[in-house]
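Hello,

Here is the structure I promised to pass on to you. Have a look at it first, and then read my notes below.

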Amino acid sequence: MGPIPSIELALTFRRRRNLMILAVLALLPILVGITVRVAGIGDATGTGMLNQVAGNGLFLVFASLALTVPLFLPVAVGAVAADQVAGDAADGTLRTVLAWPVGRTRLLAAKLLAAVTYAVAATFTVALSALAAGAALFPMRDVTLLSGATIPLGTAFSRALLIALVVTACMAGVAVIGLTISTLTDSPATALAGTVALIVAAEIAGSIPQLDAIQPWLFSEDWLAFADLLRSPVYWGTITHSLWVQAAYAVIGASLAWARFTSRDLAL
Amino acid sequence: MRPRWRLLTPVAVAAAVVAATTLPHMLTASDSPSLPRISLVGLVQKVGTSPARAISGTVKLSIDIGLPKLPKLGTDGGADPLRLLSGDHLIRIVADATDGEQRERIALLDTLSEYDIYRDDSDLWMWDSTRQLARHSSVDALSEALLAFASPAELAKTFTGPAAIKTAVFDTEYSSEQTTRVAGRDCYVVRITPNSPGTTVGAVRVAVDAATGLPVSVTVYPVGSSKPAIKAEFESLSYQADPTELRFTPPPGAKVVEETTPDLPENPMQGIGTGWTAAVAINNVDPDKLISGLGTQNKPKPEPEGTAAVLAALAGTPGTPLQSYLRMMMAAGDKTPVGLVWSSRLVSLVFTPDQRLYAAFATPDSLVATVTRANTEAGGTHS
């Protein structure tokens, strides 16, 4: 790895705020696990996957992802990505960095890599923390799929890994969107607000039945499709569609970020 | 000059992405394979007489009969057959009748949840993933009829099956359209246009697999509308069924409820009237029990929380959003001398004081007339 990507990665993962976000994300599944254990949720008193956590710790992974994917994870990933360029522009480091003998395209690629790596880290923080808490608080056993069939624990672990990867891909899409917005403004607050507003707007549009014509093309529409991996047989249609939508947004977003970042005047 | 050119790049990329997503759709839409000519009579006879003994596939079902659409409320309530009343749904269908027994699996694939119906000849299992509840009962006439609704093949039989053709042939026009492709299968297309007053069905379009005669797509248009009220179409289809997928044993940890089928004094369902305006009557319907018993046991439910509580408060009735929605629908019926009457773009319902529910693809006036006629006939023979 060249020096620029490693510098950007180090900047992203050494910033105290970004580490605090990861810590909060790690804490969420533990809190959910303790709540389920103490309050005795289960036996059809909770909704959906939370019901099964008490009987099988591995379900804490699925339930935690289902709980964090609609808001916590995308906002965390989006906030960090939105700071990548606008944050540097605001505190003046961007001008210093641009004085280095490095092309702007390579610099942007390094920032993109850092934002996407943070998306991977955030998703796996939730998943691994949930796995640890689930194993500590509850029994781990064969998994009952949504279809009612049961798969052995080993197969269930590989399904859990696939699920984490699908969620990671969706969150990487959010990272690219956040970075794109970050290149459009010099104010980190504006970039953050814009990214969060876009996420919330997409989710509201996704919940209004009358907008069903545009819903398949919203980046947030199929974030919860990862649960299709818990069916027998696995239904790939929605997941595949969702991944293509993420790719489309990422390609358009990255090209916009590149055009803006390489052409704007920063020599003030 | 260079910066300007660069700013055009995202526009070009966006245009390329849009083109890449829309072009394949446009190409497949105009895809009409050339098939050997078939006479209209031969084609109509082909529908629903499929020799296929085993199928498996995924069906996209869109229902828009004029009821308000249910908002997607995340995981609340989970997959539920009553959600089929409106909106878009994904249904997996597997059926196997190769060894003389009828085995079926119908699964409603909903966000984070699934509702499965497994049928093994006369044995019936209903699996609700949200509540981890397996209900065991036997197939009766009512469940048999409900099972038939989800698959395009069965739905098509409602309009084109031998019985339907016999009753409807005199007031129906059949025409063949261009061929099409559905789920990778070459299909003939039949258009069925009712020619009788009083019906709400404007036209029915059925795509039939040219090789097997299985209806793979059914679209029902209400009178005077080009927006389908029902569209059921296979998204993927194979003429094989995995026997392991058709077997259901309650998973460990699930609640199992054994339900005895009540001894019904008479056939719970009966047909009334003939032709396109014919009605189906379901006896002994208790709407309150039906709504409060949606997939749950008949024990007091815990108070709703979160979004469900807000919606319940708005609706003024306790229960899940789906239950409140159905109660509001109940209250919205017109009170007539015959009973409560509901109408929609496609289906009209009459609920009479003697707990019978009549349903028909007919205008409310036509259905009320049918019900009145049935009542006077029954009254005439009894007294």
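**Where two helices meet**

In this predicted model, Leu60(A), Val61(A), Ser64(A), Leu65(A) and Thr68(A) of H4(A) are in contact with a set of residues from H7(A), namely Thr123(A), Val126(A), Ala127(A), Ala130(A), Leu131(A), Ala133(A) and Gly134(A). Sorted by class, this contact between H4(A) and H7(A) involves eight nonpolar residues and four polar ones, with no charged residues.

To find the pair in your viewer, look for residues 59–68 of chain A, which form H4, and residues 104–137 of chain A, which form H7. Their axes come within 8 Å of each other and cross at roughly 140°. That angle makes H4(A) oblique to H7(A), because only angles over 145 count as roughly antiparallel. The crossing of H4(A) and H7(A) is right-handed.

**Empty space inside**

There are also five cavities of 30 Å³ or more in the structure. I looked at the second largest cavity, which has a volume of about 80 Å³.

Which helix gives the most to its lining? It is H5(A), with four residues. Helix H1 (3–14) and helix H5 (72–90) of chain A each supply at least two lining residues. The full lining of the second largest cavity consists of Glu8(A), Leu11(A), Thr12(A), Arg15(A), Asn18(A), Val80(A), Asp83(A), Gln84(A), Asp88(A) and Lys111(A). By class, that lining has five charged, three polar and two nonpolar residues.

Enjoy exploring it!

Best wishes

Key:
Residues are numbered from 1 along each chain as its sequence is written. Chains are lettered from A and ligands numbered from 1 in the order in which they are written. This is a predicted model: local features need pLDDT of at least 70, side-chain atom pairs count only at pLDDT 80 or more; totals for chains, interfaces and linings use all residues. Side-chain values use heavy atoms; hydrogens and water are left out. Axes are lines fitted to C-alpha atoms, for helices over the stretch in contact, and angles run from 0 to 180 degrees between N-to-C directions. Angles under 35 degrees count as roughly parallel, over 145 as roughly antiparallel, 65 to 115 as roughly perpendicular and the rest as oblique. A crossing is left-handed if the near helix is turned anticlockwise from the far one by less than a right angle, and right-handed if clockwise. Contact means heavy atoms within 4.5 Å. Ala, Val, Leu, Ile, Met, Phe, Trp, Tyr, Cys and Pro count as nonpolar, Asp, Glu, Lys and Arg as charged, and the others, Gly among them, as polar. On a 1 Å grid over the protein atoms alone, a cavity is a set of points where a 1.4 Å probe fits but cannot get out, and a pocket is an open set with protein on both sides within 12 Å along at least five of seven lines; lining residues have an atom within 4 Å of a point. Grid points are joined across faces, edges and corners, and a volume is the space filled by probe spheres set on the points.
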